[in-house]
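Trainee: Before we talk about any part of this model, could you show it to me and then let me ask how each description is justified?

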Amino acid sequence: MIVIDEEAIFDEIRRKEPVSVALNGPDGILPKIQDTASRIMEKFGIPAYVLADSCFGTCDMNTNGAKVLGAEILFHIGHTINSTSFGDNIVLVDAFDNISFENIAKKCIEQFMGKTVSLVTDSQHLHEVDKVKNILEHGGITVKIGKGKGQLNDGQVFGCEFYPVMETRDTVDVNIFLGQSNFHAAGIALSTNKPTYVLDPYFNEVRDVTEFAQTLQKKSILAVYKAAEAESFGIIVGLKEGQFSKTTALKFKKELESLGKKVQLFALTDITDDKLRNLKDVDAFIQVACPRISTDNHFHKPVLSTPQANALVKILKKENVDNIFQISHWL
Ligand code: SF4
């Protein structure tokens, strides 16, 4: 069950006495955020708006939504990073999952005994890492926890940022991800090129995501080679504040034009196939927002992420391409 650190929210409201607040977080915990918003309104008698648009990370906090509403504080819940605030008006609030990994950790010992593993997770299960490490070590497994960097804590990954597992990848046999997210685990498998398993405490199962990751990789590489045949490109700047990268878009425009390609520029908040179907005279797209939009979704034309577009430029220049995704940060 997800538990939101409501006391941190209430303390902040007592301290700053805002006239209204806004709250948001990942889709999966929106019902909990609704409860928290209701409690704020009851307790403090101020409006508490739930920003209910999808929100995938601290790269996607919808601060503009809070600003338009006139909310004096935006509580961004459930994407723990190694900092608690983003300027004066944004407060990052922990939401942790209180499910125990004890059973699944004990269950996996036979499978990984004698191996060296990199233990990693997402923000909601970070507090379980040390407990699982102890259980695995008692079972004869050598455990490494890679160092965080940027916004990442030790042993934590985002869907596009993999510093801890990249640090350990040459010294471990496999990666073990704590949680339920095949999305995060597949990213870990792709960046490290190592077998990667999910320890899922809800289904009490050890899940191998290596093959799933390879399928994503094949699809992504195919899109790059299809895009290499394109004559006209649409380059899309994402308008979510933490995914905004106009400089990268203009860099690709310059490179493609120097290679004789036609380029149009677009800007979108949500990059979906439906939106792209409205646009004419484009053979292939490059989007420089969230890289997982390209790797994990289906589009009717190639839609390349930044690492895929880097590979495309190399192919067009007849340079060698290898290991598109084996980098610590896909942006
Ligand atoms: S994977 Fe996408 S949503 Fe997640 S942190 Fe990276 S850019 Fe943001």
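**From a strand to the cores and domains**

Mentor: Let us begin with strand β10 (residues 196-200), where 5 of the 5 residues are buried, so the strand is largely enclosed by the rest of the structure. Please keep in mind throughout that this is a predicted model.

Trainee: What makes a residue of β10 count as buried, and which residues lie on each side of the strand?

Mentor: A residue is called buried if 20 or more other C-beta atoms lie within 10 Å of its own. Thr196, Val198 and Asp200 on one side, and Tyr197 and Leu199 on the other, are all buried, and we therefore say that both faces of β10 are covered.

Trainee: How do you know that strand β9 and β10 are paired?

Mentor: Pairing requires at least two bridges between the strands. Strand β9 (residues 174-178) is joined to β10 by 4 bridges, so the requirement is met, and the two strands run parallel. Within this pair, Ile176 stands opposite Tyr197 in β10.

Trainee: Why are β13 and β15 called edge strands?

Mentor: Their sheet is open and has 4 strands in the order β13-β12-β14-β15, with parallel pairing. The strands β13 (262-268) and β15 (303-304) each pair on one side only, and that is what the name records. Strand β14 (residues 284-287) pairs with β15 over 2 bridges, in the parallel sense, and there Ile286 stands opposite Leu304.

Trainee: Which residues have the most contacts inside the largest nonpolar core?

Mentor: That core has 63 residues, and those with the most contacts inside it include Val117, Leu199, Ile286 and Leu304. Helix α7 (residues 182-192) gives the most to this core, with 5 residues.

Trainee: Why is this core said to lie between two domains?

Mentor: Domain 2 (102-208) and domain 3 (215-316) both give residues to the core, so it lies between them. There is also a second, separate core of 22 residues, which includes Val21, Cys55, Ala66 and Phe75.

Trainee: What makes the ligand shell a mixed one, in terms of nonpolar, polar and charged residues?

Mentor: The shell divides into 5 nonpolar, 3 polar and 2 charged residues, with each of these classes represented. Among the residues around the ligand are Phe56, Cys59, Asp60, Gln243 and Arg292. Asp and Arg count as charged, so Asp60 and Arg292 belong to that class, whereas Phe and Cys count as nonpolar, which places Phe56 and Cys59 there.

Methods. Residues numbered from 1 in each chain as written. Predicted model: local features only at pLDDT ≥ 70, side-chain atom pairs only at ≥ 80, totals over all residues. Near = placed C-beta within 6 Å. Core = buried A, V, L, I, M, F, W, Y, C linked by C-beta atoms within 7 Å. Buried ≥ 20, exposed ≤ 12 C-beta atoms within 10 Å, placed from the backbone. Domains from an automatic or database assignment.
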